[in-house]
Amino acid sequence: SVTCTRFDREGACVAACSSDSTITLWDWRSQALRQHYGRAHGGSPITEVAFHPSKELLLSSSADRSLRVWDLRAGRVLYTLGGHGRPVHSCAWAEEDGTSIFSADSS
């Protein structure tokens, strides 16, 4: 099931993540599939996604206790960030410049 949907700042692209560990991006205007990442967190449920202000990166959080930064131009993971002791329930970029990442788990 879908756990989160997010639009980019212009409303041109929508990203959805799900409990089956997939991330899917669509062009909102044409309704065409842009990208699909199966097993994006190795099979663990993905809890949230967030577009970087530049729209070139996507942040995802997961029950696997990690965050991943996706390069949308290259279509691959740039970084996997650990450090949470419990499943990560939310993630976000700093709104103004995107230089900081925020995340939260249940502790």
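**Exercise 1. Two cysteines of strand 2**

Decide whether Cys17 is buried or exposed in this predicted model, and then place Cys17 in its strand.

Solution. Begin with the relative accessibility of Cys17, which is 1%. Because a residue counts as buried under 20% relative accessible area, Cys17 is buried. Next, look for the element that holds this residue: Cys17 lies in strand 2, which covers residues 13-18. As a further step, take the C-alpha atoms of Cys17 and Arg6, which are separated by 9.1 Å, while the two residues are 11 apart along the chain.

The second cysteine can be treated in the same way. Cys13 has its place in strand 2, and its relative accessible area of 2% makes Cys13 buried. Its C-alpha atom is separated by 9.1 Å from that of Lys55, a residue 42 positions away along the chain.

**Exercise 2. The salt bridges**

State how many salt bridges a search of the whole structure finds, and work out for the pair of Arg6 and Glu48 which strands are linked.

Solution. The search of the whole structure gives three salt bridges. One of them joins the side chains of Arg6 and Glu48, with a distance of 2.6 Å from N to O. Arg6 belongs to strand 1 and Glu48 to strand 5, so that this pair links distant parts of the chain, 42 residues apart. Now add the accessibility of each partner: Arg6 is partly exposed at 34% relative accessibility, whereas Glu48 is buried, with a relative accessible area of 11%.

Turn next to the side chains of Lys55 and Glu10, which meet in a salt bridge of 3.0 Å, N to O. Lys55 is in the loop between strand 5 and strand 6, and Glu10 is in the loop between strand 1 and strand 2, so this pair ties together parts that are 45 residues apart in sequence. Lys55 is partly exposed, with a relative accessible area of 35%, and Glu10 is partly exposed too, with a value of 49%.

A further salt bridge is formed by Glu56 and Arg73, whose closest N and O atoms are 3.1 Å apart. Here Glu56 comes from the loop between strand 5 and strand 6, and Arg73 from the loop between strand 7 and strand 8, which places the partners 17 residues apart. Glu56 is partly exposed, its relative accessible area being 32%, but Arg73 counts as exposed at 69% relative accessibility.

**Exercise 3. Positive phi values in two loops**

Find where Gln31 lies and what its phi is, and then do the same for the place of Arg65 and its phi.

Solution. First recall the background: most residues other than glycine have a negative phi. Gln31 has a phi near 65 degrees, a positive value in a residue that is not glycine. Its place is the loop between strand 3 (23-27) and strand 4 (33-37), and at 66% relative accessibility Gln31 counts as exposed.

Arg65, which is not a glycine either, has a positive phi of about 75 degrees. This residue is found in the loop between strand 6 (57-62) and strand 7 (67-71), and its relative accessible area of 44% makes Arg65 partly exposed.

**Exercise 4. The largest pocket**

Describe the largest pocket by its volume, by the residues that line it and by the character of that lining.

Solution. The volume of the largest pocket is about 200 Å³. Its lining consists of 14 residues, and those nearest the centre are Arg9, Ala50, Phe51, Trp93 and Glu95. The elements that contribute two or more residues to this lining are strand 1 (2-7), strand 5 (46-51) and strand 9 (88-93). Sorted by character, the lining residues comprise eight nonpolar, one polar and five charged.

**Exercise 5. A nonpolar patch on the surface**

Name the residues that make the nonpolar surface patch, and find which strand gives the largest share of the patch.

Solution. The patch, with an area of about 320 Å², is made by Leu78, Tyr79, Leu81 and Ile101. Strand 8, residues 76-81, supplies the largest share, namely three residues. Leu78 is found in this strand, and with a relative accessible area of 30% Leu78 is partly exposed.

Notes:
Residues are numbered from 1 along each chain as its sequence is written. This is a predicted model: local features need pLDDT of at least 70, side-chain atom pairs count only at pLDDT 80 or more; totals for chains, interfaces and linings use all residues. Side-chain values use heavy atoms; hydrogens and water are left out. On a 1 Å grid over the protein atoms alone, a cavity is a set of points where a 1.4 Å probe fits but cannot get out, and a pocket is an open set with protein on both sides within 12 Å along at least five of seven lines; lining residues have an atom within 4 Å of a point. Grid points are joined across faces, edges and corners, and a volume is the space filled by probe spheres set on the points. Helices (H or I, at least four residues) and strands (E, at least two) are DSSP runs, numbered from the N terminus. Ala, Val, Leu, Ile, Met, Phe, Trp, Tyr, Cys and Pro count as nonpolar, Asp, Glu, Lys and Arg as charged, and the others, Gly among them, as polar. Patches are made of residues with over 30% relative accessible area and no salt bridge: like charges are joined within 9 Å, nonpolar side chains (Val, Leu, Ile, Met, Phe, Trp, Tyr) within 5 Å. Accessible areas come from the Shrake-Rupley method with a 1.4 Å probe; for residues, only the protein chains shown count as cover. A salt bridge is a side-chain nitrogen of Lys or Arg within 4 Å of a carboxyl oxygen of Asp or Glu. Buried means under 20% relative accessible area, exposed over 50%, partly exposed in between (1.4 Å probe, protein chains only).
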